[in-house]
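Hi there,

Here is the structure I promised to pass on. Have a look at it first, and my notes follow underneath.

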Amino acid sequence: MTDAAALSVAGLGISFSGRQILKDVEFQVAPGEFCALIGPNGSGKTTLLKAIVGLVTPDSGRIAVDADGSGGTSVGYVPQKISLDAHIPLRARDVVMLGLDGARLGVPLPSRARDARVEEMLQAVGAGDFADRRIGHLSGGQQQRILVAHALVRRPRLLLLDEPLANLDVRSVAEIVALLRRLSLQYQTAILLSAHDMNPLLPVMDRIVYLANCCAVSGKADEVVRTEVLSRLYGYHVDVVRVHGRVVVIAAHEPEEIRAALARDPVHTAEIP
Amino acid sequence: MRLLGLMFAPGFFSNAPVHTALLVGGGAAVVSAVVGVFTVMRGQSFAGHALADVSSAGGAASYLLGLNPLVGFLGMAALAAGGMEWADVRDARERDLLTGVMLGAGLGLTALFLYFAAVTGSATGAAITVLFGSMFTIPASIVPVALAIAVAALAAIAAIYRPLLVSAVSEDLAQAQGTRVRLIGLVHGSALAFAVALSAMTVGAILSTALLIGPAAAGLRLADRPGRSLAIAVLTGLIATWGGILLAYDSYYWTPGRGWPVSFFIVVLVFLAYLLAGLLARVRLRGVRLAAAQPSGCGQH
Ligand SMILES: Nc1ncnc2c1ncn2[C@@H]1O[C@H](COP(=O)(O)OP(=O)(O)OP(=O)(O)O)[C@@H](O)[C@H]1O
Ligand SMILES: [Mg+2]
């Protein structure tokens, strides 16, 4: 089981200038699995993904990504914040092409096989209609599709997506989630996707990794998203509430927290009647 | 035939300084256009200008010491580029500050060297030549060195073409592909230093920015593909430079005995090309909008 995992993380610890961000993080993602990485702001989702790609060096632990036999990196990555500048003279198609050979030296030569592969990828993410438009002129949802295609075109065994659903409207969220689920089945690509709201992902996720308080719990969604489990993870009592099929995690002591924060800042409390 | 006679004043094609100017100027234009496209994409236009200003200190020093000015320009530009890459400041505002301070320090040195050159009388007109160029006085001996520098800069850019494009989109994306982004920055910085030194040699240190940014801006506006942007930039740079040389040569016949500076014409042509590119881009955009508006109509009518 361990050997077959698309990704396995064990005993991972990361700190920035002495401040612990992640501690003893442990989980596995099986090939073709759709895994949601959930956690509040600042819980270390981006840091964890960066460590898997190799942009951040961990202090301790082991990260193993399943090699795909052809050598080379088998991880596709879509970063959290990319501002695609309108000055950059690249069509959506070119960005996908650079996913294939962007690290190679020299000037690219024309290649039918490469163009066909790029075209197939563009169709797969539903980007046929805007493939020839400048990347900086596309909408957020369209850019997200192109970045997914850029990351997927090499057929990696593992695709990491950092908050790909932020800044998208409800319909685009649904479309991207459905698209990712379809792609992961089609290409047998494991997906690890970070988000702070798990609800849009509940219908598709095989597994959840929940980050809070420097630690992680992972498992099936109904094993992890429970009052006892998350309370233990956060280190204080939280309630997991289900409303109309949506899951909400509520910190029971939220009102006290806010009162305490107000009390720490007497200047402002004085002005509140 | 008569029109050609009007355009090309007698002796243009047989004049040795004109040959040198066409060769060195052409090389500078091509390299600046190619490197400039990436410099603008990377948001380093200001850094490009600062390198040029710092390089003028090297140019001025070489007049004082009687060295080949190209060596002076290149030495200081490379030093400044290396310094900036070494400092590796990520924050855009902080980088602007560093660049500005470096630019000031460079020009200060230039002022000192040019002052010495003027008071010792070792090189009359050095100030004009260093800052604003003097294409018809470029010694022919510089041609091989200049062309070697041009080829080296173009080869460097060609080698890192794709990683350079990905880094312009996002350094994180490039790094995730296994590209060493600092190395890419260093190679681009060196090519930039080469381009700036060549341009400083032709249109002068201060005006070299025009050749670096103007043609690149035109290329980036008009084309949606990197190859085409590069082609447009190169063409614009070449037309402006060679056109400027031609006009300056002809100007000896407009105002007999006293021609106009080449740099003036080049900069004017670059500026016109930039305006034209803006106009064309706007026309094209309107065309796209009209075409897009036809089928959908957005249910308004
Ligand atoms: N380069 C860095 N140097 C120092 N601290 C950092 C660095 N990068 C991140 N951190 C800190 O690490 C913590 C985790 O950050 P991270 O970006 O991984 O959170 P996140 O879960 O992705 O949050 P968000 O939901 O807001 O994107 C934060 O407290 C952040 O301030
Ligand atoms: Mg994040």
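In chain A, 49% of the 273 residues are buried, meaning under 20% relative accessible area with a 1.4 Å probe and protein chains only, whereas exposed is over 50% and partly exposed lies in between. Before going on, a note on conventions: this is a predicted model, where local features need pLDDT of at least 70, side-chain atom pairs count only at pLDDT 80 or more, and totals for chains, interfaces and linings use all residues. Residues are numbered from 1 along each chain as its sequence is written, chains are lettered from A and ligands numbered from 1 in the order in which they are written, and side-chain values use heavy atoms, without hydrogens and water.

Now the interior. The largest nonpolar core (buried Ala, Val, Leu, Ile, Met, Phe, Trp, Tyr and Cys joined through side-chain atoms within 4.5 Å) has 147 residues, and L180(A) and L230(A) are among those with the most contacts inside it. Domain 1 (1-74 + 156-235) and domain 2 (85-151) of chain A, with bounds from an automatic or database domain assignment, both contribute residues, so this core lies between them. L180(A) is in contact (heavy atoms within 4.5 Å) with residues including F34(A), V148(A) and I191(A), leaving aside those up to four places away in sequence.

L230(A) is also one of the buried residues of helix α7 (227-234) of chain A; helices here are DSSP runs of H or I with at least four residues, strands are E runs of at least two, and both are numbered from the N terminus. The buried residues of α7(A) pack against chain A elements including β8 (207-212) and β10 (238-243). After α7(A) comes G235(A), with a positive phi near 85°.

Happy exploring!
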